[in-house]
Amino acid sequence: MTVHIRPLTLEDKSEWSRLWRGYLSFYKTTLPDHIYDVYFERLLRDDPRDFNGLIAEIDGKPVGLTHYIFHRHGWKVEDVCYLQDLWADPHVRGKGIGRALIEAVYEKAAKAGNPSVYWNTAQDNAQARQLYDRIASLTPFLKYQGP
């Protein structure tokens with residue numbers, strides 16, 4: 001089994017939507033339909049400082065996705081990369097999809113001259129955290145969110 005990672009394309013909208021709905025459902029989140037259209041459009045723009053999307057495929061079938069964005073950071077001259085969303089279909093978990101997607105983001109960030117990639121996950125996301133603990137460092141920071 002070979003995992004192929006590629007940029008998101010306009011033709012991916014249906015499968016991307018299926019995958020992103022799975023991701024949102026995992027986090028017990030629903031969004032209005034128009035948000036899907038707006039986000040998908042943002043993911044396809046050519047602006048490197050806007051959202052970017054990658055699709056993971058096995059045998060030509062989309063089985064995972066990731067979204068990331070480069071942004072400025074107050075402590076660095078270079079931009080940093082925020083990996084916002086990461087999802088693999090449940091039936092392909094443990095087959096290297098998540099790792100391949102994260103490593104593809106690492107590669108995109110390095111190519112863009114970004115010194116770091118970071119992301120958040122739920123404390124109880126034990127399966128994903130097993131991977132994250134192998135390929136990144138857990139920071140001591142907690143996330144707070146206002147209204």
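## A walk from Asp 12 outward

Start by selecting Asp 12: this residue is buried, with a relative accessible area of 6%. Here buried means under 20% relative accessible area, exposed means over 50%, and partly exposed is in between, using a 1.4 Å probe and protein chains only.

Before moving on, know that this is a predicted model, where local features need pLDDT of at least 70, side-chain atom pairs count only at pLDDT 80 or more, and totals for chains, interfaces and linings use all residues. Residues are numbered from 1 along each chain as its sequence is written, and side-chain values use heavy atoms, with hydrogens and water left out.

Which side chain does Asp 12 meet in a salt bridge? Add Arg 6 to your selection: the N to O distance for this pair is 2.6 Å. A salt bridge here is a side-chain nitrogen of Lys or Arg within 4 Å of a carboxyl oxygen of Asp or Glu. Arg 6 counts as buried too, at 17% relative accessibility.

Now zoom out and show the cartoon. You'll see four helices and five strands, running β-α-α-β-β-β-α-β-α from the N terminus on. Helices (H or I, at least four residues) and strands (E, at least two) are DSSP runs, numbered from the N terminus.

Next stop: helix α1, residues 13–26. Select Glu 15 and Arg 18, which form a salt bridge with their closest N and O atoms 2.8 Å apart. These two are three residues apart in the helix, so about one helical turn separates them. Glu 15 is partly exposed at 25% relative accessible area, and Arg 18 is also partly exposed, at 31%.

Stay on α1 and pick Arg 21, then add Asp 33. Their side chains meet in a salt bridge at 3.4 Å, N to O. Asp 33 sits in helix α2 (residues 33–44) and Arg 21 in α1, so this pair ties together parts twelve residues apart in sequence. Are the two buried or exposed? Arg 21 is partly exposed at 37%, while Asp 33 is exposed at 53%.

Now select Glu 15, Arg 18, Lys 61 and Asp 89 together: salt bridges that share partners join them into one network. Across the whole structure, a search finds ten salt bridges.

To finish, show everything. The C-alpha atoms fill a box of roughly 40 × 35 × 35 Å along the principal axes. Buried residues make up 38% of the 147 residues.
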